[in-house]
Amino acid sequence: MKALLDWQHLTFAHPAFFGLLLLIPLMIWWQLRGKKNDNPALRLTTLSGIDPAHVGGKARFRPVLFILRIISLAALAIALARPQSSNTTENIDSEGIDIVIPMDVSGSMLAEDFKPNRIEAAKAVALRFVDQRPTDRLGLVIFGGESFTMCPITIDHNVLKEQIAQIKNGMITDGTSIGMGLATAVDRLRYSKGKSKVVILMTDGVNNMGLIDPSTALEIAKAFKVRVYTIGIGTMGQAPMPVQTPMGTQKQMVDVTIDEPLMKQIATQTGGKYFRATGNRSLETIYNDIDKLEKTRIDITSYKHYAELFFPFAMLAIICLALEMLLRYSVFRSIT
């Protein structure tokens, strides 16, 4: 019964047999026409010899025979149409891509040239990017004055998205260690067996801290065949930055300094590409472009299974027809 109510997966192998249902209104018309012809007028001078209590009798239930015949015809038409419940299973063969996103969480990422600020804008587009890569393994690294793996590469994207949502400034030592961020991300991909290994590195500053300099991290990425896409995030010129003063938090205009030559060098030598994001819309466009550049090949083989559902209707047709014949030649025999 549950399968019959699931209209989304219900199909009919021979729907042409539903044409038999057109006989039902014809049968009803013929039955009503016959009743008119079977009631000739009889004129009586008196009704004293007729007992009203016995008028009708079993004849009142005679229409039950016709109802049973209609039900049997309708059930037979449905059974011949062969209702089936279809169930589709899919075998997905994916050449997955392993991607790690190192994200700058330094104090300058609180600048408000992006809405509400750079770090929140970066989190929002990263979350959407994760949703666009359902068959890939992704990981997350944050870096400031040092680097930290918040989520190793995983196919469990819900866990990854929870970690992205928790990113905030102040989680690690302040500063900008681009070399450490890149090296940590590459280390996450060292033993990857994915068809492609990708890093999407985002920063808004210049490397000024860290135990590993960017040139060394670049050589490590090249050695492990990791393709690096770099994103410089920040408007051109100056950007408003919240700064703590004796008078409380105030906004001050600060210069936007991004080491673009370094970002371009890292991207070019690893087979990636450098992007500059100057606002929320451009940052979203950049992630969409990277998504298109790193397409995963997915082969999906569908298998459809059918469960036959005609048997209950066939049984209903047989039972109704048998019951009609039984009643016609037993209970209603004297009035048919």
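A nonpolar surface patch of about 480 Å² is formed by F310, F311, M315, I318 and I319. The model in which this patch appears is a predicted one. One of the contributing residues, M315, sits in helix α10, which spans residues 311-328. M315 has a relative accessibility of 32% and therefore counts as partly exposed.

The setting of this patch is a protein chain with 10 helices and 11 strands. Of its 336 residues, 39% count as buried. The chain exposes about 19300 Å², and carbon and sulfur atoms supply 59% of that area. Among the contacts with a separation of 6 or more, 81% are between residues 24 or more positions apart.

An example of such sequence-distant placement begins in strand β1, residues 10-12, where F12 is located. F12 and L309 are separated by 297 residues in sequence, yet their C-alpha atoms are 9.5 Å apart in space. Once neighbours within four places in sequence are set aside, F12 is in contact with F18, A81, R82 and P83. With a relative accessibility of 29%, F12 counts as partly exposed.

R82, one of the contacts of F12, also takes part in a salt bridge. The side chains of R82 and E308 meet at 2.4 Å, N to O. R82 lies in the loop between α3 (63-81) and β2 (83-95), whereas E308 belongs to strand β11 (residues 297-308), so this pair ties together parts that are 226 residues apart in sequence. Both partners count as partly exposed: R82 has a relative accessible area of 29%, and E308 has a relative accessibility of 37%.

Attention now turns to helix α4. This helix covers residues 118-131, and its 14 residues reach 20 Å from the first C-alpha to the last, close to the 20 Å expected at 1.5 Å a residue. The N-terminal end of α4 is capped by N117, which places a side-chain oxygen 3.3 Å from the backbone nitrogen of I119. I119 is itself one of the buried residues of α4, and the others are R118, A121, A122, K123, V125, A126, F129 and V130.

Helix α4 also contributes to two salt bridges with other helices. In one, the side chains of R128 and E284 meet at 3.6 Å, N to O. Because R128 lies in α4 and E284 in helix α9 (residues 280-293), the pair ties together parts that are 156 residues apart in sequence. R128 is partly exposed, with a relative accessible area of 40%, and E284 counts as partly exposed at 31% relative accessibility.

In the other, the side chains of K161 and D131 meet at 2.8 Å, N to O. K161 lies in helix α5 and D131 in helix α4, so this pair ties together parts that are 30 residues apart in sequence. K161 counts as partly exposed at 25% relative accessibility, as does D131 at 48%. Elsewhere, salt bridges that share partners join R69, E324 and R328 into one network. The structure holds 17 salt bridges.

Helix α5, residues 157-165, also includes H157. Is H157 buried or exposed? The relative accessible area of H157 is 11%, so this residue is buried, since buried means under 20%. Not counting residues up to four places away in sequence, H157 touches V130, R133, P134, D136 and L138. Of these, V130 is among the buried residues of α4.

Technical notes:
Residues are numbered from 1 along each chain as its sequence is written. This is a predicted model: local features need pLDDT of at least 70, side-chain atom pairs count only at pLDDT 80 or more; totals for chains, interfaces and linings use all residues. Side-chain values use heavy atoms; hydrogens and water are left out. Helices (H or I, at least four residues) and strands (E, at least two) are DSSP runs, numbered from the N terminus. Buried means under 20% relative accessible area, exposed over 50%, partly exposed in between (1.4 Å probe, protein chains only). Contact means heavy atoms within 4.5 Å. Accessible areas come from the Shrake-Rupley method with a 1.4 Å probe; for residues, only the protein chains shown count as cover. The expected span of a helix is 1.5 Å times one less than its number of residues. A polar contact is a pair of N or O atoms within 3.5 Å; within protein, one must be able to donate a hydrogen and the other to accept it, and residues adjacent in sequence count only if both atoms are side-chain atoms. Patches are made of residues with over 30% relative accessible area and no salt bridge: like charges are joined within 9 Å, nonpolar side chains (Val, Leu, Ile, Met, Phe, Trp, Tyr) within 5 Å. A salt bridge is a side-chain nitrogen of Lys or Arg within 4 Å of a carboxyl oxygen of Asp or Glu.
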